[in-house]
Each structure stands twice: as C-alpha cells, then as structure tokens.
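Trainee: Could you take me through how charged side-chain pairs and cysteines are read in a model? I would like the general idea and then the particular case.

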Amino acid sequence: MTRSINRLPSNFLTRIVLLIAMQLFSIGALYAAEITVEVSRNPVQINESVDITFNVDGDSDGEPDFSPLQTNFEILSQGSNSQVSIVNGSISRSNHWTVTVMPKTTGALVIPSIDFGSESSPASILRVTEKSDGDDQLESSNVFLEVEASPKDPYVQSQVIFTVRVYHRVGLAHASLSEPELSDAVIEPLQKDSKYRIKRGNYHYEVFERRYTIFPQRSGTLEIAPIRLDAQIITGRSSGGFFGRNITRTERFVSDPLALTVRPIPQSFTGKHWLPANSLELTQSWSDKLTHARVGEPLTQTIAIQAQGLLKSQLPSLSALEESLLNSADIKVYPDQPVLTQAGSPDGVISRREEKNALIPGKPGTVELPAIELPWWNIQTDRMEIARIPASSVVVSASTKTTATPSDKLPSMTDQHDLLNESDSDSLTQQAGNSFWQWLALGFGLCWLITLMLLIYIVFYQRRRADQTDASVLDVNWQQRGKVEKALKNACLNNLKTETRDAILGWAKLRWADNPPVNLSEIGRRIPELQTDIEGLQQALYNASSIPWDGHQLWETFKANRGYPNDQLKSQETGLAPLYKA
C-alpha cells in the first residue's frame, strides 16, 4: 500500500492539499463573527450620556479595545453579557458589550471602528446638539419637567412627536405621570420609555423620557394641557439600620403648556385621500409570471402601501384594479381581506396595508391592467407627490384541462354482459358470508344517524339562544344610536359643522364598536356613498377660510346608506360565498 501511494504524481498531492485548505477557509468564513453597533438615542444633547452597544453574533478571536472612543467621548462605564442558544442541535453564541459615554463636543461625532481581534465593528455617526433653551434657569432645581413637540406647525391629520422628560437629582418613589390631553386629536404611545443621565451646569440629573405620536384632527391653534408628575421625594432615612425606612414628602410638578399651530389641507393637493407622511411607497408582486396565466386558473396579485408618519387606519383601500375589472368578461377579480400592521420607530409610526387579489381569466388573449396611482403629501419637501404602480399586461393562454368522453369512463354493453355473467356465480357463494357484515354495518349506520340528529338539535338550540341574546343586545344599541342619529339630524339640518362631525363620529363608535373609525375619512372609506359629502364637511372644517356648508345632502345620504347589521345579515343569507374567507 505504501509503494502505491509513493507512486502518485506530485501534482495530484498538490491538488489534495489545496482542496483541504479551501475547505478550512470556507469553514472559517462560515463561522466568522458578525458585528453590529446600536446607540440608545440619536441625536443627543451635549452633557447627556448615551449607551453604545456592540453586538457580536458568533465567536470573535479577541477582546475589544474601546480606547478609540476616548477621542470624542468620555467613557463612564462598560459591561458585557453573552448568550448561547441551541436550536435543532445547532449551537449559536452572541456577545454584547455596552459602553456608556458622554460626548465631549457638539456636532456629528464619529463612533470609530472597534477591533475584536481580527474582526472590526463598522463606524457610525452620533449627532450631538446644544442644550435646549431655558436649561440655565432650571439647572438648580431638584426635579422638573420638559415637554417638546416636533413639528409645532403640523398639517391637519399629520404626525407630531410629543416628548415628555422628567429630570431629577434626588430619589423618587411612587411616581405617577399624567397622559397628554388634547381635544380633536388621536394620541398614541411611541416605543418604550428610556432612561439616561445628563449634566447641566454643575449638576448631574437622571432623566426619564416618554414619547407619543399626536395626530390633530382639525386646523387652527390647539393647546396640549400641561403634564403633571406626582411623586414622593426621598429626603432621608429613618434610624434602624438595615430595617430603616425612607423619609419622603409628596410633591406635584407641572410642565408648561404647549401650543400647536395646525395648518389646513393645502389647496394645491388634488388627491382623493389626504395622506401627509414622511415617506410613502407602493409595491406589487405576483404569484407567477404574467405570461403564464391560463383560463380558469387563479393568478394572485399582492399590492402593499407602506407609510412613515401615518396610522394604519389612515391608509386607503387600493381598489382601483378590482373596480376597473370587476364583472369584466375577460377576467374576474376576487379581493381578499386586507392585512394592516403598525409599529413604532425613532422617527414615528410606520404603517403597512397589504391587499391580495385573485385574478381568474375568462378567455384567452391579453388583458391590460391599469396603473395604480396614489397622491400623497410629502412632509419633508412640503409638496404633493404620487406613488405609482405602472400598468401591466396579462397574457392568457387556453386551459390545458380536458374532459373525458363517455367512452373513456364506461365499458361497452358487451363487456357489461360478460361481467354480470362472471359475477353471478361468485355472488351466490359469498351471500351467506356477507349477510353478517351487512347487518353489522346497518347497526353502525343507525347509531351514527341518531348521533348526527342529536348534534344538529344541540347546535340549532344553542344558535337560537345566541340569536335571542344578540337581539336583546342590539335593541339596547339601537336605542343609543337613535339618540345619536337624532343629534346628527339636528346638526345637519341646521348646518352646524362641528356638531355634525362630533355626532357622526359618535354614531360610528356605536356602529363599529369592535373597531371604531378614528376620523371622518375612515367613515367615508367604510361607507363609500358618504365619501363625497364627508369630504365636503372636512373642507369646511379644516380650511382656514370660512366655507358655507349645507348639511341637508349629508343627512339624506346618511339615511339611505347607514347600513345596520341586521340588514347585512339578511343580504348575506342569499349572497354567494367569497373566494377567500375572512
């Protein structure tokens, strides 16, 4: 065996060595550590602390050296932790280093690349600003509140980020912070609360920060009520050593009020839906290539709208395609239930609406799908823009399915006669043996039938009781709606804009109790017949100039299209089931 190996050519051994080296290199690349950098806040003010976290997924071959940070930052503290997870026998490890620093100057400061052995973290930028106005007069206080709104001159129904900060350099216990209060606005919390340290003058403060998103629903000047903090101030500790108690006093701290100057919808905006956002985009995807469609076979289209700075309830339905093709002889459109999501980010709310449509071609040929355009208002550039999905064509081929002829399914008469003759002799010998099993099967069948009848009776009885209970609940709801509708009628017939808005929003909360609309536009989307009249009401409410408004037409349209659930239930009993079930 040794003699045969020695006779192998030298170039063959060289290839073996290179192959082994390449395998070792690929394994090392597979397990190379991936390093990411996160900061707790960006931007920050001068003399504020900030946490920089270095996340290492995998195993690094060295400990980090954080000394390059000292060029732009003062290192206050640092710590680390590691995590090991086992999934399906595969072991993964991650390490996290958190360094608390304080910027030395203002401006765009570079967080330099940090070496972890042979690996390095990516460099990034931290923006450091000057301290806010009024800091000097507050820097000697033990506890104080600050509020901030950005922007202070928003458009109606656009996003405002409202920040509340509690500064304290004494111990607090049992602290309670009030929520922002603002009429004619939708207010929602944004992300998690944060804590950090800051230096003002000669004092160091602990800061508790909470953020909200505010969407004003009318133009004009709106004032956010002062935020209140009720807390117990720790002034000392009673005697008793380890078992001593804190000595406290309860105090209330109040922030300054803050006013917003809300601008109306600009006259240059010509879109159907008012969408003031930081960014907005439309996307489209298909389950298959548009040239592979066949008659009778569904083709799934997915359309999505994603916006930063809008609530998910503000995103309109993208129904242009089904409206233009519905009941067409060339193609049928079956829309699925939309999927709406909403999440918080450092820059505000990010919302997404996704709609799926099943398109079933009716005959071969080419079907032209129109472009979908959605005008929106760019808050960053202060001008109207149009998000667009371009037009496309579906090339439909004939169906490949064939139907079997009767001759393919049934044997001839001669074959049937032969089969009967062959089976007669066998059936007589098997008759005695089969009789037992036939009686046994009959007994099981009777038991199954009796069980089925009992189940049908129980289900019918429970449904009847549930219907009676639902009817009694609906009677109470209709009494409340009757009062609200009476108020709406009086407001419309007397041309009272504000009272009409409040009344129809109150009616909507009762009409859609599980998912009430947050604004007038949402009511218009749910009842399309009311949309034109609601848009006229919004123009009269939100425009700065005084616009005469007549509410008689809105009341007449509302009466004809208010759509009670009992009416929907009757129509559903005779309607066809949708292609996709909700």
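Mentor: Let us begin with one residue: Glu522 is buried, with a relative accessible area of 12%, where buried means under 20% relative accessible area, exposed over 50%, and partly exposed in between, using a 1.4 Å probe and protein chains only. This is a predicted model, in which local features need pLDDT of at least 70 and side-chain atom pairs count only at pLDDT 80 or more, while totals for chains, interfaces and linings use all residues. Residues are numbered from 1 along each chain as its sequence is written, and side-chain values use heavy atoms, with hydrogens and water left out.

Trainee: Which residue forms a salt bridge with Glu522?

Mentor: Side chains of opposite charge can pair when their charged atoms come close. The criterion for a salt bridge is a side-chain nitrogen of Lys or Arg within 4 Å of a carboxyl oxygen of Asp or Glu. Here the partner of Glu522 is Arg526, with the closest N and O atoms 3.0 Å apart; Arg526 is partly exposed at 25% relative accessibility. Both residues belong to helix α8 (residues 520-526), where they are 4 residues apart, about one turn of the helix; helices (H or I, at least four residues) and strands (E, at least two) are DSSP runs, numbered from the N terminus.

Trainee: How many salt bridges does this rule give?

Mentor: The count comes to 15 salt bridges. One of them joins the side chains of Glu209 and Arg165, at 2.9 Å from N to O, and this pair links distant parts of the chain, with Glu209 in strand β15 (residues 203-216) and Arg165 in strand β11 (residues 160-168), 44 residues apart. Glu209 is buried at 9% relative accessible area, and Arg165 also counts as buried, at 11%.

Trainee: Is Arg252, which forms a salt bridge with Asp230, buried or exposed?

Mentor: Arg252 is exposed, with a relative accessible area of 53%, whereas Asp230 counts as partly exposed at 25%. Their closest N and O atoms are 2.7 Å apart. In addition, Asp184, Arg218, Arg501 and Asp502 are linked in a network of salt bridges.

Trainee: How many disulfides are there?

Mentor: A disulfide is a pair of cysteine sulfur atoms within 2.5 Å, and by this rule the count comes to 0 disulfides. As for the surroundings of individual cysteines, Cys447 is partly exposed, with a relative accessible area of 48%, whereas Cys492 is buried, at 0%.
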